[in-house]
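This briefing is meant to be read with the sequence and the 3D structure side by side. Please keep both in view while working through the points.

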Amino acid sequence: MKLIPDSFSDFQSIIRENYIYIDKTAFIDKYERTGSRVSLFLRPRRFGKTMFTEILRYYYDKALEKEADELFRNTWIADHPTPRKSSYAVLKLDCSGIRTIGGIEDTMNFFMKRIANGICDFYCLYPELIPTDLKSENIQDSIDNISKFYDDRKYFTSPAKIIDNFLERFISRKQAFRLMIIIDEYDNFTNDILCRDPQMFAAIARKEGELGSFYGTLRNYQQSKVIEKIFITGVLPVTMDTAVSGFTSAKLSFKPELNSLAGFTDSEVLELIRESVDFEKCSYYPEKLQQIMKLRFDGYRFSRTAKENVYNSAMCLSFLSELRDNEFESIPPFSVMSANDVDYVKLTGYLDLINPQERGAVVNAILRGRIIPYKTPGTVKLAAEHETLTKDEGLAILYHLGFFTLASKDEIQAFTDDRDDDWDYLRVPNEHCKMLFSKYWFDKQKVSWSLFDSTFDLRGMARANDSAVMAAFLRAVAPGFVNTDNVKLGEAQVVLAMYTALTMNTGSSFRLTREYAIRHNGAYVMRDSPEPDTENAAAGSSEYRINIRAGRADLVAENIRGSGPSYIFEVKYAQDVPAREETKTKVREKLFRAATEQLDFYVTDDTLKALPDLRRYLVMLTYGELSIQEV
C-alpha cells in the first residue's frame, strides 16, 4: 500500500517517497492551450490547488529541468511534452497562513515577508541573477543579504515596493530568461479577514491600498512584457475584483475542460482506494467505500457543461487515512463540527454578510432542500463600511467557497420544468455541506448540538419501533422548532431535524435523501397542477389542500448494506394555535389521509418499488405535539 499525503502538497516528496499520486499533468497541456498570459484559477479550500502550482513550477522552471525529467517520468505529460516545458524562470509566492489578527500593518508585514521568501528561493535557483550589490562569496551569504535587504522597512514599506525592486533588478540582469510568476492562495488571508471583519477587508483590499498597488504593479510589468505568464490560485474573486478591476484576462475556473483539474473524479477515487486499502483486512469492497465517500465528499461542478462532478480531494485523503488508522475495521464516523471548525466559521461569517431579508430567503430554500436560481454577478465587491451583500453576491461567494455547487440539467429538471438558461442554479453538493447548513440553522435556533445523540437511529427503529426511539427523537429535535404560520417551512424544519439526527447516527448503512425526486420509467414526475397556496394557511382552514402528486418525497433512507429495511418518511405540520380537541382530531385525520395517499404514490418510484423491505412512516408536528407512526 502507498502512503497517503493527507497533510502536505510537496510534489517532489510525494513522487520520491511512494505516496499516492493522482496524475493531473494532462491539464498542463489544457492550460497551455488556453493561451492565457494572466490566469486566475479559483476552487474551494482543500481541492489540490497548491499541488497543481507545484506541478507547474517543476514543469516550467528551467532551473528544475533535471528534477522535472525524473518526477514526470511516469506521467501523462512525459509522453506529451508541450512547447513551453522548462522555458521560464519561475517566481512562486505562497500567501497561505499569513497572520491576520494583529491589524493591517502586521498583516502586510507578513505578506511582505512571504514575497521576500519567494525572491530568496528564486535566487537560490538562479544565483547568476543575484544583483552585484547583494552578492557575496558563497550563495548562502548572498541569500542572507537578500533577505535582510527586503526586510528593511525603512525602504520597503509596501508589497508593491518589494516586487517593483525585484522586477527592476530582473530587467537589468535577465539575459535570455523569460519570467513566470505563480501566486498560490492569493486570497487566503484576505478571506479570513472578510468573514471576520469586513471593514478591515475594505481597508486592506481597496484599489488605492497596499494590496491594490501590489497587483497593479504586477499588471504593469506584465503589460510591458517583463512578466510573460502569471498563474494565480485562490478561492474567491472578491479580493481581485476589489483591489484591481480587470487584472485577469482569463478566469480558468469556469472552463469545462478544467472542471476536474482540482478534486478527484469517480475513477480517481477508486484508484486511491485500491492503492491505499488492505482488502485482506477491510471487509468493505472498493465500490462500497467509494459509494460512502461519494455521499459525503462528491457533488462539485464548476462549469455548466462539465461532464462529471468531482470530490473534495483533501477530505477523501483524510477519510482513507482515518480508515487506515482504524486498521480497516470500521468506517470513519461522520464527525460533528465544532464551533471552531474552519468551514463552519467561514459559512456563518459569509452568510451573515448577506442582507437579512435575502439571507432568510436563502436559508429557507436550503431548509426545504431546493435548488436556488441566481444571476452570476460580474464582480463581487465589498469596499464600504457597513456594506452588505445582495443575495446573488452572497450566493456567488458561498459557491466559490464550496458550500454550493452548480446543479446539472437533470437536477434542475427534478425541481422545475421552467428552466431559464440565462440563470445558474445552485444546490448543496454533499452530506458534509448539508451538515454545516444544518448546524447553522440549529445554532440560530439555539438548539444544543449535543442533543443529537446515538439513541436515535434507523437501526434502533427497525429493531424495536418503540417509545424509546420516539422519545430520543423528541428530545433531540423539539427545541429546534419555531412556530410558523408557513406550512411548507414548518414541514421543512421537521425534515431537516430528522435528516440531521439520522445523518449523524446511522453511519454508512443508509443513503439519506431530502426532497427525493420520484421517477417513472427513468423520467422525473413533475407537478400535474399548480402548487396549492398553503404558505400562510392554517392547517385547519378550508384553504389547506394537498397535491398528492407533488413528485418529491420528504425523506428517504435507502438501505445500502444489502439487507434490512429501508424507510420513507412523510412529514405534516400544523401551526400551534388554540383549537378545540374536535378540530385537532379532524385536522390530524385529514393529514393522515393525505400522507397515506402521498406515500402510496411515492412508492411507485422506479427505485423505491424495487426495495424488498420499505417501511413507511408519518411524522406529524401538529398543535405543538410530535408523533411518529408506521403506516
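The points below cover a sheet, two helix pairs and several salt bridges.

The model is predicted. Five of its strands form an open sheet with mixed pairing, and the structure holds 31 salt bridges. Two pairs of helices, helix 13 with helix 14 and helix 16 with helix 20, are described as well.

**The sheet**

- Strands pair through backbone hydrogen bonds, in either a parallel or an antiparallel manner.
- The five strands of the open sheet follow the order 9-12-13-14-15, and their pairing is mixed.
- Strand 9 (510-517) and strand 15 (625-630) are the edge strands, since each of them pairs on one side only.
- On average, neighbouring strands of this sheet are turned by 20° against each other, with direction ignored.

**Strand 13 and its neighbours**

- How many of the residues of strand 13 (residues 566-574) are buried? Nine of its nine residues are, and the strand is described as mostly covered.
- Both faces of strand 13 are covered. One side carries Ser-566, Ile-568, Glu-570, Lys-572 and Ala-574, the other carries Tyr-567, Phe-569, Val-571 and Tyr-573, and all of these are buried.
- Strand 12 (residues 552-559) and strand 13 run antiparallel and are joined by three bridges.
- Across this antiparallel pair, Leu-555 stands opposite Phe-569, and Val-556 stands opposite Ile-568.
- Strand 12 and strand 13 form a hairpin with six residues between them. In the turn, Gly-562 has a positive phi of about 100°.
- Strand 13 and strand 14 run parallel, and nine bridges join them.
- In this parallel pair, Tyr-573 stands opposite Leu-621 in strand 14.
- Strand 13, helix 24 and strand 14 together make a β-α-β unit, and this unit is right-handed.

**Helix pairs**

- Two packed helices are described by two values, the angle between their axes and the distance between the axes.
- Helix 13 (residues 266-276) and helix 14 have axes that come within 10 Å and cross at roughly 125°. Helix 13 is therefore oblique to helix 14.
- The crossing in which helix 13 passes helix 14 is right-handed.
- The axes of helix 16 (residues 342-351) and helix 20 (residues 431-444) come within 10 Å, and they cross at roughly 60°. Helix 16 is therefore oblique to helix 20.
- Helix 16 passes helix 20 in a right-handed crossing.

**Salt bridges**

- Asp-106 and Arg-99 meet through their side chains in a salt bridge, at 3.0 Å from N to O.
- Is Asp-106 buried or exposed? Asp-106 has a relative accessible area of 18%, so it counts as buried, the limit being under 20%.
- Arg-99, the partner of Asp-106, has a relative accessible area of 40% and is partly exposed.
- Arg-304 forms a salt bridge with Asp-424, and their closest N and O atoms are 2.7 Å apart.
- Which parts of the chain does this pair link? Arg-304 lies in the loop between helix 14 (286-297) and helix 15 (313-325), while Asp-424 lies in strand 8 (residues 424-427). These are distant parts of the chain, with the two residues 120 residues apart.
- Arg-304 has 42% relative accessibility and so counts as partly exposed, whereas Asp-424 is buried with a relative accessible area of 12%.
- The side chains of Asp-600 and Arg-616 also meet in a salt bridge, at 2.7 Å from N to O.
- Asp-600 is in helix 24 (residues 581-602) and Arg-616 is in strand 14 (residues 614-622). The two residues are 16 residues apart, and the pair is described as linking distant parts of the chain.
- Asp-600 is partly exposed at 40% relative accessibility, and Arg-616 is buried at 16%.
- Arg-45, Arg-46 and Asp-343 are linked in a network of salt bridges.

Conventions:
Residues numbered from 1 in each chain as written. Predicted model: local features only at pLDDT ≥ 70, side-chain atom pairs only at ≥ 80, totals over all residues. Heavy atoms only, no water. Salt bridge = Lys/Arg side-chain N within 4 Å of Asp/Glu carboxyl O. Buried < 20%, exposed > 50% of the residue type's maximum accessible area, 1.4 Å probe, protein only. Helix = DSSP H or I, 4+ residues; strand = E, 2+ residues; numbered from the N terminus. Pairing = 2+ DSSP bridges. Right-handed = clockwise from strand over helix to strand, strands pointing away. Axes fitted to C-alpha atoms, helices over the stretch in contact; angles between N-to-C directions. Parallel < 35°, antiparallel > 145°, perpendicular 65-115°, else oblique. Left-handed = near helix turned anticlockwise from the far one by under 90°.
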